[in-house]
Amino acid sequence: MVRFIVRRFLVLIPILICVSILVFLVLRLAKGDPAMAYLRMANIPPTEQALAEARRELGLDRPIAEQYAAWAAKAVRLDFGRSYVTGKPVLQEVLYYLPATLTLAGWGLLFTLLVSVPLGVAAALYKDRLADHFTRALAFVGVSMPSFWLGYLLLYLFSVKLGWLPPMGRGGAAHLVMPVVTLSAMSIAVNIRFLRANLLEHMRSRSVFYARARGLTERRVVWAHVMKNSMIPIVTATGMHLGEMLGGAVIAENIFAWPGLGRYAVQSVLNRDYPVLQCFILLMTVIFVACNLCVDILYALVDPRVRLEGEAR
């Protein structure tokens, strides 16, 4: 098992290196002059001399390869530079906004599992009946509706028209309802369809046929045989959903003015705050890759065949 984890971990290193290079190059090749944005945020007239001094101070006058080498050397030590806007260390500001995003993503993942698993099981057990039709319709709407559109609909209905929920900000449980629903709607729909399909596939398997032939009750057949095998793909989907929610939190945070990392990143895009954007994208990549690593480990624990095959290779 240790060898399996070490192999998976070593694969992540070249992925992070490639992502860091792509992020650095894409931001540097984008339109606009970060030195101009730096002077604008500092309220300094953008004269030729001021621009030259700003580029020299930010290291933008050096070749891109040297810029990347200097940035990567500092990033390994968790030094991502200072924000062009506030002048504070980037990592300090990112860590300040990160807990709000993790809170939103955590509640979104919990809500996804609490809603999608019972509905997916009900859709499979009552195939082609009312519960199945309702659940499939709900999943279809969830997959088809864009998250930003759903967010504005919820905002208009429950805040503007009915006045039941606060429209924006971070506070008590009421502030979480609309952002969590907006963030998790797509994941709920995907999980319902995924779980329903897996349950129906395993319910037609030979092991289930033989379990019924041995006289086992339907409840034991479903929970001991069908659900156990069907939950393996759900483990994979759950890990992917967590990464998607951390990235998709950008939409919910901006609609509901949730003071999280996604909203901070959008403001950094508008201000062309390159150090913040580089740290944000790299951090999201690390979190997403870490989620995949955890999924691989859980997958190997649930299904030993995966671990044995990985160690054999």
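In this predicted model, the chain exposes about 17400 Å² of surface, and carbon and sulfur atoms supply 67% of that area. Of the 313 residues in the chain, 40% count as buried. The secondary structure comes to 13 helices and zero strands, so a reader who follows the elements from the N terminus on meets α after α in an unbroken run. Among the contacts between residues at least 6 apart in sequence, 73% join residues that are at least 24 apart.

**The nonpolar patch**

Part of the surface is a nonpolar patch of about 900 Å², made by Val2, Val6, Phe9, Leu10, Ile13, Ile17, Ile21, Leu25, Leu29 and Ile64. Which helix gives the largest share of this patch? The largest share, nine residues, comes from helix α1, which covers residues 2-29. Ile64, which also belongs to the patch, is found in helix α4, and with a relative accessibility of 35% Ile64 counts as partly exposed, because this value falls between the limits of 20% and 50%.

**Spans named in the record**

The UniProt entry, which is unreviewed, carries the annotation "transmembrane region" for residues 9-30, 104-126, 138-160, 172-195 and 280-302. For two of these spans, the table gives the distance between the end C-alpha atoms together with the helix and strand content in the model.

| Span | Distance between end C-alpha atoms | Helix | Strand |
|---|---|---|---|
| Residues 138-160 | 25 Å | 91% | 0% |
| Residues 172-195 | 32 Å | 92% | 0% |

**Aromatic pairs**

The count of aromatic ring pairs comes to four. In one of them, the rings of Tyr68 and Trp71 have their centres 6.1 Å apart and their planes at 45°, so the pair is tilted. Both residues lie in helix α4, three residues apart, which is about one turn of the helix. An α-helix has 3.6 residues a turn, so residues three or four places apart point the same way. Tyr68 and Trp71 are both buried.

Another pair is made by Tyr97 and Tyr264, whose ring centres are 4.5 Å apart and whose planes are at 20°, so this pair is stacked. Tyr97 lies in helix α5 and Tyr264 in helix α11, so the pair ties together parts that are 167 residues apart in sequence. Are these two tyrosines buried or partly exposed? Tyr97 is partly exposed, with a relative accessible area of 23%, whereas Tyr264 is buried, with a relative accessible area of 8%; the two fall into separate classes because the limit for buried is under 20%. Ring pairs also bring in Tyr96, so that Tyr96, Tyr97 and Tyr264 are linked into a cluster.

Helix α11, which covers residues 261-271, has further buried residues besides Tyr264, namely Leu261, Gly262, Ala265, Ser268 and Asn271. The helix is followed by Arg272, whose phi is positive, near 55°.

**Loops and positive phi values**

Most residues other than glycine have a negative phi. Against this background, Arg272 can be read together with two further residues that lie in loops. Leu78, which is not a glycine, has a positive phi near 65°, and Leu78 lies in the loop between α4 (64-76) and α5 (90-125). With a relative accessibility of 54%, Leu78 counts as exposed, because the limit for that class is over 50%.

Asp128, again a residue other than glycine, has a positive phi near 65°, and its place is in the loop between α5 and α6, the latter covering residues 130-144. Is Asp128 exposed or partly exposed? Its relative accessible area is 48%, so Asp128 is partly exposed.

A further loop residue is Ile44, found between α2 (34-41) and α3 (48-58). Ile44 is partly exposed, with a relative accessible area of 37%. Which residues does Ile44 contact, once its neighbours within four places in sequence are left aside? The contacts of Ile44 are then with Leu39 and Ala50.

Conventions: Residues are numbered from 1 along each chain as its sequence is written. This is a predicted model: local features need pLDDT of at least 70, side-chain atom pairs count only at pLDDT 80 or more; totals for chains, interfaces and linings use all residues. Side-chain values use heavy atoms; hydrogens and water are left out. Helices (H or I, at least four residues) and strands (E, at least two) are DSSP runs, numbered from the N terminus. Buried means under 20% relative accessible area, exposed over 50%, partly exposed in between (1.4 Å probe, protein chains only). Contact means heavy atoms within 4.5 Å. UniProt positions are given in the numbering used here, feature names are shortened, and annotations may be inferred rather than shown by experiment. Rings of Phe, Tyr and Trp (its six-membered ring) pair if their centres lie within 6.5 Å; planes under 30 degrees apart count as stacked, over 60 as edge-to-face and the rest as tilted. Patches are made of residues with over 30% relative accessible area and no salt bridge: like charges are joined within 9 Å, nonpolar side chains (Val, Leu, Ile, Met, Phe, Trp, Tyr) within 5 Å. Accessible areas come from the Shrake-Rupley method with a 1.4 Å probe; for residues, only the protein chains shown count as cover. A salt bridge is a side-chain nitrogen of Lys or Arg within 4 Å of a carboxyl oxygen of Asp or Glu.
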